[in-house]
Amino acid sequence: MVVYVLWWQKYDDVEIWGVYSSVEEAKKNIPDDVENYEYEGFSIEEFDLDDFVS
C-alpha cells in the first residue's frame, strides 16, 4: 500500500499535515494562498508501507 505524507518544514521545525491515498488529495490540503508549495516549505513524499513490514 502506498501513502503520501504532506509535511511542512521551516528550519528545524517540521509539521506533519496529513497522510493521504494520492498526491492530488495531499495537494488539496495545502492552503490556497500558497503559490509554490515546495518553495514555501511544503513537501509531499511517497511511502510504500509494504517496505516497513518484516
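Two strands count as paired if DSSP finds at least two bridges between them, and that is the idea behind a statement such as this one: Val2 has Asp48 of strand E3 as its bridge partner. Welcome to a predicted model of a protein chain with one helix and three strands. Read from the N terminus, its elements follow the order β-β-α-β. Here is a short tour, from the overall dimensions down to single side chains.

**Overall picture**

- The protein chain has 54 residues, and 28% of them count as buried.
- Along the principal axes, the C-alpha atoms fill a box of roughly 40 × 25 × 15 Å.
- About 4,400 Å² of the protein chain is exposed, and carbon and sulfur atoms supply 48% of that area.
- If you take the contacts between residues at least 6 apart in sequence, 43% of them join residues at least 24 apart.

**How the strands pair**

- Strand E1 covers residues 2–10 and strand E3 covers residues 42–48; the two run antiparallel and are joined by seven bridges.
- Within this pairing, Val2 is matched with Asp48 in E3.
- E1 also pairs with strand E2, residues 13–20, again in the antiparallel sense and over seven bridges.
- On that side, Lys10 sits opposite Asp13 of E2.
- E1 and E2 make a hairpin with two residues between them. Tyr11 lies in the turn and has a positive phi of about 55 degrees, a handy angle to look up in your own viewer.

**The nonpolar core**

- The largest nonpolar core holds nine residues: Tyr4, Leu6, Trp8, Tyr20, Ala26, Ile30, Val34, Phe42 and Ile44.
- E1 and E3 each supply at least two residues of this core, and the largest share, three residues, comes from E1.
- Ile44 is one of the core residues. Beyond its neighbours within four places in sequence, Ile44 is in contact with Tyr4, Val5, Leu6, Val23, Ala26, Lys27, Ile30 and Tyr37.

**A closer look at Trp8**

- Trp8 belongs to strand E1 and is a member of the largest nonpolar core.
- Trp8 counts as buried because its relative accessibility is 18%, and the cut-off for buried is under 20%.
- Setting aside residues up to four places away in sequence, Trp8 touches Asp13, Val14, Glu15, Trp17, Glu40, Gly41 and Phe42.
- Glu40 also offers a polar partner: its backbone oxygen lies 3.3 Å from a polar atom of the Trp8 side chain.
- From C-alpha to C-alpha, Trp8 and Lys28 are 14 Å apart in space, with a separation of 20 residues in sequence.

**The salt bridge**

- A search of the whole structure turns up one salt bridge.
- The side chains of Glu25 and Lys28 form this contact, with an N to O distance of 3.2 Å.
- Both residues lie in helix H1, residues 23–28, and because they are three residues apart there, about one helical turn separates them.
- Glu25 has a relative accessible area of 32%, so it is partly exposed.
- Lys28 has a relative accessible area of 60%, so it is exposed.

Definitions and conventions
Residues are numbered from 1 along each chain as its sequence is written. This is a predicted model: local features need pLDDT of at least 70, side-chain atom pairs count only at pLDDT 80 or more; totals for chains, interfaces and linings use all residues. Side-chain values use heavy atoms; hydrogens and water are left out. Helices (H or I, at least four residues) and strands (E, at least two) are DSSP runs, numbered from the N terminus. A nonpolar core is a set of buried Ala, Val, Leu, Ile, Met, Phe, Trp, Tyr and Cys residues joined through side-chain atoms within 4.5 Å. Buried means under 20% relative accessible area, exposed over 50%, partly exposed in between (1.4 Å probe, protein chains only). Contact means heavy atoms within 4.5 Å. A polar contact is a pair of N or O atoms within 3.5 Å; within protein, one must be able to donate a hydrogen and the other to accept it, and residues adjacent in sequence count only if both atoms are side-chain atoms. Accessible areas come from the Shrake-Rupley method with a 1.4 Å probe; for residues, only the protein chains shown count as cover. A salt bridge is a side-chain nitrogen of Lys or Arg within 4 Å of a carboxyl oxygen of Asp or Glu.
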